[in-house]
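Open the structure in your viewer and keep the sequence beside it. This tour moves from one selection to the next and says what is there.

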Amino acid sequence: VQLQASGGGLVQAGESLRLSCAASRRIFSINVMGWYRQAPGNQRELVADITRGDITNYADSVKGRFTISRDNAKNTVYLQMNSLKPEDTAVYYCKADIRTGFYNLDEPYWGKGTLVTVSS
């Protein structure tokens with residue numbers, strides 16, 4: 001299983017971006033899906049995650065500006081980022097807890113990062 005992330009880029013402060021991340025093949029089920037980010041010199045941190053039942057969780061730094069959503073039929077998670085700030089600059093990674101078969105347990109899968117750069 002591969003997670004394909006897209007949507008990063010260079011924007012100015014106050015602008016918006018939408019990230020997408022899709023699983024590469026049909027799978028049994030996906031539990032929690034989320035977005036993490038890592039800025040230079042910093043540890044990877046949770047930005048937001050969402051359960052299969054659409055319960056969401058956000059880092060305090062992005063509450064009110066970012067919205068996470070998912071399309072279970074497409075095995076895809078999205079991150080709508082509004083009012084971007086220079087401190088949002090980081091490599092963004094998607095993560096999904098995937099169950100590949102009926103008898104298997106959830107396993108964490110990570111996508112390759114996508115760079116978001118916000119200029120002031």
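Start by selecting Asp54, which sits in the loop between strand 5 (45–50) and strand 6 (56–58); strands here are DSSP runs of E with at least two residues, helices are runs of H or I with at least four, and both are numbered from the N terminus. This is a predicted model, in which local features need pLDDT of at least 70 and side-chain atom pairs count only at pLDDT 80 or more, while totals for chains, interfaces and linings use all residues. Residues are numbered from 1 along each chain as its sequence is written, and side-chain values use heavy atoms, leaving out hydrogens and water.

Stay on Asp54 and look at its backbone. Its phi is near 70°, a positive value in a residue other than glycine. Most residues other than glycine have a negative phi. Asp54 is partly exposed because its relative accessible area is 48%; buried means under 20%, exposed over 50%, and partly exposed in between, with a 1.4 Å probe and protein chains only.

Next, select Asn75, in the loop between strand 7 (66–71) and strand 8 (76–81). Asn75 also has a positive phi, about 50°, and is not a glycine. Is Asn75 buried or exposed? At 17% relative accessibility, Asn75 counts as buried.

From Asn75, go to Ile30 in strand 4. Ile30 has a relative accessibility of 2%, so it counts as buried. Beyond residues up to four places away in sequence, Ile30 touches Arg52, Arg70, Asn75, Ala96, Asp97 and Ile98, where a contact means heavy atoms within 4.5 Å. Now add Asn72 to the selection: Ile30 and Asn72 are 42 residues apart in sequence, and their C-alpha atoms are 8.0 Å apart in space.

Move along to Arg37, in strand 4 (residues 29–38). Arg37 counts as buried, at 6% relative accessibility. Which side chains does Arg37 join by polar contacts? One is Glu45, at 2.8 Å, and another is Tyr92, at 2.9 Å. A polar contact is a pair of N or O atoms within 3.5 Å; within protein, one must be able to donate a hydrogen and the other to accept it, and residues adjacent in sequence count only if both atoms are side-chain atoms. Show the contacts of Arg37 outside four places in sequence, and the list includes Gln43, Val47, Phe66, Asp88 and Val91.

Then select Ser119 in strand 11 (residues 114–119). Ser119 counts as partly exposed, at 27% relative accessibility. Setting aside neighbours within four places in sequence, Ser119 is in contact with Val11, Gln12, Ala13 and Pro86. Add Thr100, which is 19 residues from Ser119 along the chain: their C-alpha atoms are separated by 40 Å.

Finally, clear the selection and view the whole protein. How many helices and strands does the protein have? The count is 0 helices and 11 strands. The C-alpha trace spans about 50 × 25 × 25 Å along its principal axes. Colour the residues by burial, and buried residues make up 40% of the 120 residues. Among contacts between residues at least 6 apart in sequence, 54% join residues at least 24 apart.
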